[in-house]
Each structure stands twice: as C-alpha cells, then as structure tokens.
Amino acid sequence: MVRISFYNTKEGVGKTTISSVLANLLVSREELKVGLVDTVKKGNCLSLLRDKHTAPVVKNYADFYRVDSWEDFLGQVEEEQYHCCLFDLSSTDDDKNLDFLLNSDYIFIVSDYESKEDFINDKALGKSFNLVKLNSSFRLKNVYYIFNKVDRDFDASELNVSYLEYPILEEGILKKNNGYIAPSIKNLNFL
C-alpha cells in the first residue's frame, strides 16, 4: 500500500481539493481502493465532502477517515485493504504532521507559485524532506511538487524540481497491480 502526504506550511494552496479530487479519480476512473485521511481540525471542507459522499445514491468514492494522530490512523485504518492512502495534512508545523510525513512513501508539496519567495520556501521544504530520504530507517521514497493555480503555459521543468507528472508517468506510484498507469491524473498538474 502506498502512502502519500499532501503538505505545505501555507494555507489555501489547494491540498484538500487536490487530495480529494485525486482520491476520487483513482477510485472512479482507475478502480483503485483508496483511503482519504483528513488530519485537519474539524470544519475542514474535506469533512463536508465526507458527509456528501455518505448519501446512499453516491458511489465510487474514496473511503474517508478523520484522524487526530498517527496512532489514531493506525487504529482506524486497515491499510492492507487499500492500494493507497492519501493524507491531507494541516498547514501547521507540528509533531502530528511529522509522524505522517515520516511514515509516507511520497510527499507532494502543493505550491501555488504566487510569488518567487513562496516557491523558494516550498523548495527549501522539499530539500529538507529529501534529506530524510537518505536515512534508510524512514519509508520516504521521494518528494514532488504539485503546482496549483498557475497559468497553462507555466513550465515547471525550468524550476529544477520533480513535479506530479514524473511520479505518475515514470515511477508509476499510483498504478494498479496490472501495471496500468492513470493518464487522467496528469491533468491535476494545472488545477
């Protein structure tokens, strides 16, 4: 089972929207079994999405969990039943986030690239997590960026970072056991 965290210390970059859209795309289009985990305090719009998805007429959505800690996640979620679990992390910098980040296979830093200074901070965050990869006692395999709220002609390759297309197309982290890679996910690069 693949664990993916969506993180940024800045609020309003689109972590919740992207993680919930990606989770439900993987379920409805790619027929994967997905757990969507909300670690943000009550009132998050992901909690509202959960209520909407519990209606009997709604089908093919990710299973939703609201947890307060890593231990709470381990107690609530039977990981072996999922192809992947997506963690929507709060923008606070606390130990709760650290537990999820250090127990993830992949971290997607959601960046809105509103200013060069914001992205410099996001890039530093990514470099910090890449240092964690060097320690083999952690599960982390790689760190990527998702650029949200950018122009369609935005070229992430000029920034010298790995972004969402790479793990989907090359590393295949969100593929089924039969090797099929979800092409529709590529569109999330420009949400």
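**Cores, rings and cysteines in a predicted model**

A search of the whole structure turns up zero disulfides, and I should say at the outset that what we are looking at is a predicted model. Let me stay with the cysteines for a moment. The sulfur of Cys 84 has its closest cysteine sulfur in Cys 85, at 7.1 Å, which is too far for a bond, given that a disulfide needs the two sulfur atoms within 2.5 Å. Cys 85, for its part, is in no disulfide. Cys 84 counts as buried because its relative accessibility is 2%, and Cys 85 is buried as well, with a relative accessible area of 0%.

Before going further into the interior, a word on confidence. The protein chain averages a pLDDT of 76, and 67% of the residues score at least 70. Over residues 177-191, however, the pLDDT is below 50, although this stretch has 33 contacts in the model beyond near neighbours in sequence. Where pLDDT is low, the predicted coordinates should not be read in detail, so I will leave that stretch there.

Now to the nonpolar interior. Which residues touch the most other members of the largest nonpolar core? In this core of 25 residues, they are Phe 73, Phe 87, Phe 100, Ile 107 and Phe 129. At least two core residues come from each of α3 (70-76), β4 (84-88), α4 (95-102), β5 (106-111), α5 (116-133) and β6 (142-147), and α5 gives the most, with four residues. If we take Ile 107 as an example and set aside its neighbours within four places in sequence, its contacts are Ser 5, Tyr 7, Leu 101, Phe 129, Leu 140, Asn 142, Val 143 and Tyr 144. Apart from this core lies another, of 21 residues, which includes Ala 62, Leu 86, Val 110 and Ile 146.

Ala 62 also gives us a link to the first helix. Its C-alpha is 9.7 Å from that of Val 21, although the two are 41 residues apart in sequence. Val 21 lies in helix α1 (residues 15-28) and, at 31% relative accessibility, counts as partly exposed.

Helix α4 deserves a closer look. Its buried residues are Lys 96, Asn 97, Phe 100, Leu 101 and Leu 102, and what covers them includes β1 (2-7), β2 (34-38), α3, β4, β5 and α5.

That brings me to the aromatic rings, where the count comes to eleven pairs. How are the rings of Tyr 7 and Phe 129 arranged? Their centres are 6.1 Å apart and their planes stand at 75 degrees, so the pair is edge-to-face. The two residues, Tyr 7 in strand β1 and Phe 129 in helix α5, are 122 residues apart, and their pairing links distant parts of the chain. Tyr 7 is buried, with a relative accessible area of 1%, and Phe 129 at 8% relative accessibility counts as buried too.

Phe 87 and Phe 100 form another edge-to-face pair, at 5.1 Å centre to centre with 65 degrees between the planes. Here the link runs from strand β4, which holds Phe 87, to helix α4, which holds Phe 100, over 13 residues of sequence, and both Phe 87 and Phe 100 are buried. Finally, Phe 6, Tyr 106, Phe 108 and Tyr 144 are linked by ring pairs into a cluster.

Terms used. Residues are numbered from 1 along each chain as its sequence is written. This is a predicted model: local features need pLDDT of at least 70, side-chain atom pairs count only at pLDDT 80 or more; totals for chains, interfaces and linings use all residues. Side-chain values use heavy atoms; hydrogens and water are left out. A nonpolar core is a set of buried Ala, Val, Leu, Ile, Met, Phe, Trp, Tyr and Cys residues joined through side-chain atoms within 4.5 Å. Buried means under 20% relative accessible area, exposed over 50%, partly exposed in between (1.4 Å probe, protein chains only). Contact means heavy atoms within 4.5 Å. pLDDT is the predictor's confidence in each residue, from 0 to 100. Rings of Phe, Tyr and Trp (its six-membered ring) pair if their centres lie within 6.5 Å; planes under 30 degrees apart count as stacked, over 60 as edge-to-face and the rest as tilted.
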